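Good morning, and thank you for making time for this presentation. I shall take you through one structure, beginning with its interior and ending at its surface.

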Amino acid sequence: MPQHPLVFVGVVALLTITPGADMAMVARSVFTGGRRDAFATTLGISAGCLVWAFASALGVAALLAASRTAYDTLRLVGAAYLVWLGVQSLLAARRGAGAPEPVANAGERRASPFRQGLLTNLFNPKIAVFYSTFLPQFIAPGDPVVALSLALAGVHIALGVAWLSLYAWLLHRAVAAFKGSRLRRALDAVTGTVLVGLGLRLAAERR
């Protein structure tokens, strides 16, 4: 058992529902592909968290967090990726709803949201810092570090999947209730602006 499990769950729950890049990415997927794409994005985000949890347990994330060069490199790559995704949404808002894509591209379209969620998470050095500094506070000396780190990360991931799935469902219902190209373009514009803003903020951050 981790130390202070209720404190851990409470803090992680608050962090999970705090708006950020994950919610913006899920919203983008809802607008571009619906709930299925949003769930694929959520799974990609969760897979990224799992990778960072392994890295933290093995000490890799701690080394990354300690290296300013590595941290800044990952931060700038992640910022550029968020800005690129945001620009794509802004361009979609400017063009308006386009024609459906050919059926031949359907497999590629389904694979893309997972990859985007995964890369957004892996390119965010904050996750590395979070797992390498926050999780150890709930692991006592003598505990199985790898197993307990993964268990704690599993709680975080489970809460994230539940919250982002609920968020995607509610957002999809809202979009379905107010169909129309004008609303779609407005939502694309808002999502794109948020993603660009998050990318610029990440690029400007200093540890």
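**The nonpolar core**

The largest nonpolar core has 21 residues, and those with the most contacts inside it are Phe8, Trp52, Tyr131, Phe134, Leu135 and Leu152. At least two residues of this core come from each of the helices α1 (5-17), α3 (35-58), α4 (60-66), α7 (125-133) and α8 (145-177). Please bear in mind throughout that this is a predicted model.

Let me stay with phenylalanine 134 for a moment. Which residues does phenylalanine 134 touch, once its neighbours within four places in sequence are left aside? The contacts are Phe8, Val11, Val12 and Val129. Phenylalanine 134 also belongs to a cluster, in which ring pairs link Phe8, Phe130, Tyr131, Phe134 and Phe138. Phe8, Tyr131 and Phe134 are thus named both in that cluster and among the core residues with the most contacts.

**The overall fold**

Stepping back, the protein has 9 helices and 0 strands. Its pattern along the sequence is accordingly α-α-α-α-α-α-α-α-α. Of the 207 residues, 41% count as buried. Among contacts with a separation of 6 or more, 86% are between residues 24 or more positions apart.

Helix α3 offers an example of a polar residue in the interior. Serine 46 lies in this helix. Is serine 46 buried or exposed? Serine 46 counts as buried, because its relative accessibility is 11%, and the limit for that class is under 20%. Beyond its neighbours within four places in sequence, serine 46 is in contact with Ile157 and Val161.

**Aromatic pairs**

The count of aromatic pairs comes to 8. One of them is formed by tyrosine 81 and phenylalanine 123, in an edge-to-face arrangement with 6.0 Å centre to centre and 75° between the planes. This pair links distant parts of the chain: tyrosine 81 is in helix α5 (residues 68-95), phenylalanine 123 is in the loop between α6 (106-122) and α7, and the two are 42 residues apart. Tyrosine 81 counts as buried, at 15% relative accessibility. Phenylalanine 123, at 24%, counts as partly exposed.

**A salt bridge in helix α5**

I turn now to charged side chains. How many salt bridges does the count come to? The count is 1 salt bridge. In it, the side chains of aspartate 72 and arginine 75 meet at 3.1 Å, N to O. How are these two placed in helix α5? They are separated by about one helical turn, because they are 3 residues apart in that helix. Aspartate 72 is buried, with a relative accessible area of 18%. Arginine 75 also counts as buried, at 3% relative accessibility.

**The surface**

Finally, the outside of the molecule. The accessible surface of the protein comes to about 11,100 Å², and 68% of it belongs to carbon and sulfur atoms. Leu58, Val60, Val145 and Val146 make a nonpolar surface patch of about 340 Å². Of these residues, valine 60 lies in helix α4, a helix that also supplies at least two residues of the largest nonpolar core. Why does valine 60 count as partly exposed? Its relative accessible area is 48%, so valine 60 falls between the limits of 20% for buried and 50% for exposed.

That concludes the presentation, and I would be glad to take your questions.

Methods
Residues numbered from 1 in each chain as written. Predicted model: local features only at pLDDT ≥ 70, side-chain atom pairs only at ≥ 80, totals over all residues. Heavy atoms only, no water. Core = buried A, V, L, I, M, F, W, Y, C linked by side-chain atoms within 4.5 Å. Buried < 20%, exposed > 50% of the residue type's maximum accessible area, 1.4 Å probe, protein only. Helix = DSSP H or I, 4+ residues; strand = E, 2+ residues; numbered from the N terminus. Contact = heavy atoms within 4.5 Å. Areas by Shrake-Rupley, 256 points an atom, 1.4 Å probe, with all protein chains shown as cover. Phe/Tyr/Trp six-rings, centres within 6.5 Å; stacked < 30°, edge-to-face > 60°. Salt bridge = Lys/Arg side-chain N within 4 Å of Asp/Glu carboxyl O. Patch = residues over 30% accessible without salt bridge, like charges linked within 9 Å, V, L, I, M, F, W, Y side chains within 5 Å.
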